[in-house]
Structures are given as C-alpha cells and as structure tokens.
Amino acid sequence: MRFTRREFIKAVSVMLVGLVAKKLSAAERSPVSGAVGSLLKKGAAAGEKKYELSIIKGTDHAAITRQAVSALGGMEKFVKKGDTVVVKPNMCGPHMPEMAATTNPEVVKEIVYMCYEAGAVKVKVFDKPFRHAGMTYKICGIARAAKEAGADVFFVDDWNYVNAKFEYDSPLEGWPIYKDAIEADCFINVPILKHHSYTGLTLSMKNLMGVMGGNRGNVHWDISTKLAHLTDYIKPKLIVMDATRVLMRNGPGGGNLEDVEIFNTVMASADPVLIDSEAARLVGVTPKKIGCIRVAGEMGLGKFNVSPDLVYRKQV
Amino acid sequence: MKKKWVRSRVLSQLLFLLLFSYLISHPLRAARLFFAVDPLIALTVSLAGRVFIKTIIISLVFVVLTALAGRFFCGWICPMGTFIDAFGYIRRKVSRKRVKDISPRRLSCIKYVIFIIVIILAVFGIQLLWMIDPMSVSGRFISTNLLPAAGKAVENSFRFVIQRLGFPDIFMNMYRWLLGIAGGTLQRSFNNGGVSLAIFSSVILTGILGKRFWCRNLCPLGALYALLARFSFLERKLDDSCNACQVCVLDCRMGALEKENVIRKEECILCMDCIDNCTTSSARFLFKKKLLAPKSINSSRRDFLKYAGITSIAVFTGWRNRQRWGGGRGIGRGMEGVEPGIIRPPGVIDEPAFQKRCIRCGNCMNVCPTNGLQPVLLKAGPAGVWTPELVPEIGACEYNCAACGVVCPTGAIPELGLEIKRLTRLGRARVNRSICLPWKGETSCIVCEEQCPVEEKAIKLIEEDVNGTVFQKPVVDKGLCIGCGKCQNACPARPERAIKVYPLQHRNRSA
C-alpha cells in the first residue's frame, strides 16, 4: 500500500486533531481545566499572592485537589517540562477507599493528570505496602485510577535500592531507600490524614516510610528523628494531604466505617512541617505533641505556623 | 512420513501441562481440576478420611471415559507422564549407545500390588497415596520446586542485566511488567522442598530402566485405569497390508503389544506410536461395534473385587463427616488454651482427619500470597510429613484472603467464605514480656498493634509510666485475636520475636 502526499498530510492532521481533542477532553473533567485553564485560574483564584498553604473543602474531590495546588501557584511551579515525577500515595494495605486507610484514588488521579499537564514525561506511582502488595494495589483503587490517568504504576522490588547518605549524624545513615524515589526530578507526597497508634497521626512524614527498604519494624525505634531525617533526605517538592475521609480510630489499618469521618478537605503545601501541623489541628491534635513534627520543626525543615494571610482557605 | 497422531498427542500433553501449571498457581476453584479428575485420590481420601468428597463425582466421568476409550489419560493428559516422556526424549538424544528401552512385561503386575496396598492402608485410615499419586507428585513439584526456581532465575537474570551490565530502562520496565503479573513478588521459597524434589526425581529416574517404566510397572493410578481399560471399546485393528515387521511390537513404550495383532488393552495408553510408525500404514484404532464380554476374569482379581466391595461397604456404613462447621461464627471460637505445635491453615481443626485428607499436592502453599504456608518435615509426626503449616516469620495469613480453602482438592482445608475466614482462628498471639522492647522499658515500639489487621485491633496498647517516660505496651485481646501471625511477622525483635502465635488446642487430638 502506498500513500500519496495528500493522503499522508490528511492522516497526520487527523491524528493531530485527535490527540489535541483527547488532551482537551482529559482536561475538561474538571471545572478548572488544562494547562491554559490552570494558568488562568492561578491568577483568578489565588490572586497575585503567593500562598504557602491551601485548605480547600468540597465534595468534588478531584476539583478541590486541583484548586489546592493552583492556589500555591499551579503544578507548573513544582513540575518542570520533561521531569520524571514520583507521586507517592499511601497504599498501606488492602483496604477499600471508603475505609480511609489509603489515599483517595480521585486525589491521586487528579495529581497525575496535573503533572502531565505541567509537562512531566513520566509519572511513577508506587508504595511498599505492609500487607500483600498485589492485593493492596488492586483493592485500594489507586493502581487503577493512576493508570487511567497515564501513570506508571509498579510494585517495589527488594533490591533496587540505594543507601542513604547524610551530611550530619543520622540514625538512617546507610539505610536502603528506593532508587526511583531519589532519582526523580520531582517527588510529590500524597498522604492521607489518619489515626496512628504511635505517631498519633499518620501524616506526610510518616507516609515517606513507603520508600524505605530494610527492616522497617526498626524504624519505629526513635521514629521521630528518623522520619524527620527521611523527609530532609527525600525533600518532597509538594505535599498534597488527603483529608476527604479521615480514619479517627484504630489506625493505620482501620476497617470499620464507624471509625471514618468525612472531612471533604484537601490541603497542599511545599512545607512538610506546616502541612502536618495544620492537618493535626484539623483533627484537634496539638502539632508539637507529635514527635516527628516537633523534631522536623526544630531541625528547620519548616514552620509550625504561618500568618493567616498566607493560608488560602476556600469552601467549594 | 507424517506423524500427525503422535504430534497431536505431544501437543495435547504440553497444553495440559501448561494448563495444569497455570491453574494450580491461581486462587481459583479450577486449581482443583486435575486432582478432581483423579479417581484414585477421591477413592483413597474417601476411604481414609471416612468422608464423601464431592470430586468423586467428577472423577467418575474419567472412570467412565477410561472404561470406554482406555488409558487415554496416561498418554494424553497426565502431567507426570509428560515429564517422564520428556525425560526419556532427552535421555535418548543425549546417550550415544542404544539403551534398552523396554522393560520386561511381567513386571507390570507390581502396580496392582501397590494399588492394593494403598487401598488397604486407606481402609485402615492411613493415607500414603500422597507419596506416589502422579497428580500429587507432579503438582507438588511444579508448585514448590519448578515455579519458585523459575521465579528466582528470572529475578536474578534481570538483576544481573540491570545492575551489572547496566541496561536499566528497557529491562527495568520489562521486569516491572513481569512483577505486576506475578502480583508483587517473584521470590517464593519452601522449606523441605527437597522432599518433593526427591520423590519427583525418583519417579523420573525410573525412566533410566526403560520407556515409561513408572507408568507400566509402578503407578497406582495407572493400575486403576488399567483395570478399567481392560474392558474398553477402543480396538486396534490391522488391515491386510500388515507384513508382520514387528516394529510396533518392539517400540511400544508400554509393552502393550504381545504380537502385532494381540494387544493388552490394559497397558495401552493410546500414545499412537504404533499408528504413525507403522511401515505399511496398516494400523488404526476403531471403536468396537458392540459390547463384548471379557472372555475370562482372573479369579484372583474377582476375589480382590469381592474383598474390596465388602470392606468398602463396612467402611461406608460407619460413614461420618468429621469436619462440621457451625453457623457463621467462624471456626475455633470455642477453643481455649494454647500449646506449642503447628499452626494449620484456616479452618483446619481436626488434626488426624486433616492428615488423612491432605494429599500434599502443594496447591495451598503455592497459592498462599505471603508464602507463609510451608511444608513441615516431621513436626506433625510420621503421618503428617509435608503437610502445610503457617510460618508467620516467613509470611502471615493475609486477612483478605481465603484462597487455600478454595484450591484444596480434597477439602482437607475447608472452603470458607472471606467473611467467615476473617473470624476463623488459627492460633493466638502471646507477648513475651522479657523480650518485648516496651515491656523491657528499652524503647517505644507499637509495630504489632499497627500491623494487626483485625478491625477493632486484637492488640491493645496500655500506657505505663516508667521513670518519667510513657511506654505503650502491647497486650493481646484473647477474644479478638485470630492468630494470623501478622504481629509475629512484623515484630522487630531479633533473634527471637517478642510476639508469637501459638496454635489452638485441638479437641480431638488423639490419633
């Protein structure tokens, strides 16, 4: 079969139109849409101001996720063109999304979309569950949602690690850390806010444990320092906290719907201490009572508090 | 000459071997299939365990088919036969000198003796079939030797290519794709896999003595099928062009041809060698037009049938189903106390009955997602060799999984729904306060409580002030703990874990 030039041009232009249409339709799911849309929205929603923390409430979880990131200056501020991005949700065990033990799949999906819109070449989504990995990926719904958005979802193997190196004395010196987490151009932490019997709450810093190898049981000895150092080592560029459903008791696994409260909130910030403190306040816990927040704040990884005009709050 | 019959037979053998391997590694009911069509398993387990296992009905289909068409199962389907044929093929390719391929015909009666011994032992409640049943031997080999070794080989070769040779991207993607298919891990290993390998290799190595030596002379399932095939309707016919060259008689792997026109149907496995190798293309298989009564029945066999009939009636009148499950409460709830010993898969409470029913096929261990089900060696006594136990330090019983009961072909592990399995007790956890870090007052640690999959948490933390530091100390809630072993699996204390699961005391423990 042979193409004439005209046929070739026709075929290419049809394909191009198709691609553009697909891109547009992908961006249309959300009221604030696409690369152009989010640029417009950045000016409209957040004004010219630079917010350090955004707290958005609403029942459309994908939309509030997008607004939370837009308020900080849009995903383009964190993801550069051509970046490889790691989106690290909380996939701790085989729990349904309603049980609030794992990150809301809609939130993860929207973040993956936004990364691609900002020009990422590859978005990787993974976690190391403490229960069976295959079941966890399937039941928590994140693998499917992220794949739909075009992310590369894979299981963590037990040999592709590099040993952590610190410039200061750290209990984590030499600890194996998953290679993809370190090599990524941009690391986006997408934790879920939930109860935890030891750290009090599972927050963004605790969520980073998913990139650690080795005997993770041992992490619990002196966990506050270890989590703070880990946060410093990974240096997540953006943290999007899912507080749409919050597990109030029997964390981190849960499994009872009575333990889940609906908050319909998504927060975003680049400051791990700030967002963890604010999340703690949301469920009525004093931030400094949580070890890793205190240690990380004292290390200078972030602020416990910012003036209210740097916080963007909105009810959608 | 075209070997179309032999080719289709080999193709069928390979396809059934693939299907067999595929099925036994998936948590589907179909994993039972190959064991369900084995009438010997159904018969022996029913006799030994004094239970009626439903797969007897499926196996009857194969009894009827064999009675109609002969031992097609041995030639076309049996995975053990496929392994044996493959071994023979390799042996003939490798060895230079022509080896003697055909074993003496009179040895073929040994398999009937083995068959009778297996049945008689089963009547007395001893089930030793697991050692020699071809389905068990081959299934076990695939599950606990072949697949783990293949997984390890794949993993290591990718590791070598990626880390040493430095081709990260393409191979990493390929590796992750494979890992995704395997459901998260390629690394599985089994304690005492050597037992399975040793039994399998002994069976395979009988191939040195001659083609299909095992199937002709030793296999108890072969004996059962031989008894049925004797009366089958499929006949080998020669037309007038036969020049009595004797090629078929000399080459028959089963020694089924006494002369070119005299066939012992009980030995013929329909391998089709004599059809495709016939120098004059004069042989073919045809169904007999009408039912022909056998001319004479060997009186000793008649005696045997009489004996077997009488004994089985005696056994079946005392029929009792030992494993009765009460309501939706979950199993083992009424049991108190703990003892050192073996943690059995969920729902197994009657130890002697379990040992009689378990045919050690390895299905449960192969399907266990955490690799926690492992074969024991002598821990369960001589009658319990290679039965499965949960080893929490390797892998705990996954809260969201009831696959072992689904794949068990004989119902030795009962099929519990997920809801009931979550309530089912395997054992109970106990904290060793002299090792546990917070109990010793060394450091804080709540790993066991964190990992406990029970919704209400079967491990509670009590707070105690020790010299100004508050320690959260774990205690086990005896009412909630199901003994899944997740706490023991995750406990960071070494070398001995500070929390361990102990099996429940069984009510009827006497053998």
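B:Pro495 sits in the loop between α23 and β10 (499-503) of chain B. The peptide bond that leads into B:Pro495 from B:Arg494 is cis, with omega near 0°. This is a predicted model, and the backbone of chain B has further points to look at.

**Backbone points in chain B**

Most residues other than glycine have a negative phi, and most peptide bonds are trans. B:Gln246 has a phi near 75°, a positive value in a residue other than glycine. B:Gln246 belongs to the loop between β1 (234-238) and α14 (247-251) of chain B. With a relative accessible area of 26%, B:Gln246 is partly exposed.

B:Arg360 also has a positive phi, near 55°, and is not a glycine. Its loop runs between α17 (351-357) and α18 (363-367) of chain B. Is B:Arg360 buried or exposed? B:Arg360 is buried, with a relative accessible area of 1%.

**A buried arginine**

B:Arg71 is found in the loop between α4 (55-69) and α5 (72-77) of chain B. B:Arg71 counts as buried because its relative accessibility is 0%, and the cut-off for buried is under 20%. Leaving out residues up to four places away in sequence, B:Arg71 touches a set of residues that includes B:Thr66, B:Lys111, B:Tyr225, B:Met254, B:Glu266 and B:Glu267. Two cysteines, B:Cys215 and B:Cys268, are also among the residues that B:Arg71 touches. The C-alpha atom of B:Arg71 is 6.8 Å from that of B:Leu270, although 199 residues separate the two along the chain.

**Cysteines**

A disulfide is a covalent bond between the sulfur atoms of two cysteines. How many disulfides does a search of the whole structure find? The search finds zero over all chains. B:Cys215, one of the residues touched by B:Arg71, is in no disulfide, and the nearest cysteine sulfur, in B:Cys219, is 6.2 Å away. B:Cys215 is buried, at 6% relative accessible area.

B:Cys408 has B:Cys361 as the residue with the closest cysteine sulfur, at 6.3 Å, which is too far for a bond. The cut-off for a disulfide is 2.5 Å between the sulfur atoms. B:Cys408 is buried as well, with a relative accessible area of 8%.

The table gathers the accessibility values for chain B.

| Residue | Relative accessible area | State |
|---|---|---|
| B:Arg71 | 0% | buried |
| B:Cys215 | 6% | buried |
| B:Gln246 | 26% | partly exposed |
| B:Arg360 | 1% | buried |
| B:Cys408 | 8% | buried |

**Where chain B meets chain A**

The contact involves 37 residues of chain B and 37 residues of chain A. About 2,900 Å² is buried between the two chains, 53% of it on carbon and sulfur atoms. Which three residues supply the most of the area that chain B buries against chain A? They are B:Arg176, B:Glu450 and B:Glu455, which supply 21% of that area, more than any other three residues.

Charged and polar pairs also cross between the chains. The count of salt bridges between chain B and chain A is three. In one salt bridge, the side chain of B:Arg176 meets that of A:Asp180, at 2.7 Å from N to O. Residue pairs in polar contact number 13, with both residues at pLDDT 80 or more. On chain B, the helices α9 (134-164), α10 (168-182), α22 (447-451) and α23 (486-490) each supply at least two residues of the side that touches chain A. α10(B) gives the most, with six residues.

**Inside chain A**

Chain A has eleven helices and twelve strands. Of its 316 residues, 60% are buried. Among contacts in chain A with a separation of 6 or more, 73% are between residues 24 or more positions apart.

One strand deserves a closer look. Ten of the ten residues of strand β10 (residues 238-247) of chain A are buried, so this strand is largely enclosed by the rest of the structure. In a regular strand the side chains alternate between the two faces of the sheet.

Which strands pair with β10(A)? Strand β7 (residues 186-190) of chain A pairs with β10(A) in the parallel sense, over two bridges. Here A:Asn189 stands opposite A:Ile239. Strand β8 (residues 192-196) of chain A also pairs with β10(A) in the parallel sense over two bridges, and A:Ile192 stands opposite A:Asp242. Strand β11 (residues 260-269) of chain A runs antiparallel to β10(A), and eight bridges join them. A:Ile239 stands opposite A:Ser269 in β11(A). A:Ile239 thus faces A:Asn189 as well as A:Ser269.

Terms used. Residues are numbered from 1 along each chain as its sequence is written. Chains are lettered from A and ligands numbered from 1 in the order in which they are written. This is a predicted model: local features need pLDDT of at least 70, side-chain atom pairs count only at pLDDT 80 or more; totals for chains, interfaces and linings use all residues. Side-chain values use heavy atoms; hydrogens and water are left out. Buried means under 20% relative accessible area, exposed over 50%, partly exposed in between (1.4 Å probe, protein chains only). Helices (H or I, at least four residues) and strands (E, at least two) are DSSP runs, numbered from the N terminus. Two strands pair if DSSP finds at least two bridges between them. Contact means heavy atoms within 4.5 Å. Buried area is the accessible area (1.4 Å probe) that two parts lose on being put together, summed over both. A salt bridge is a side-chain nitrogen of Lys or Arg within 4 Å of a carboxyl oxygen of Asp or Glu. A polar contact is a pair of N or O atoms within 3.5 Å; within protein, one must be able to donate a hydrogen and the other to accept it, and residues adjacent in sequence count only if both atoms are side-chain atoms.
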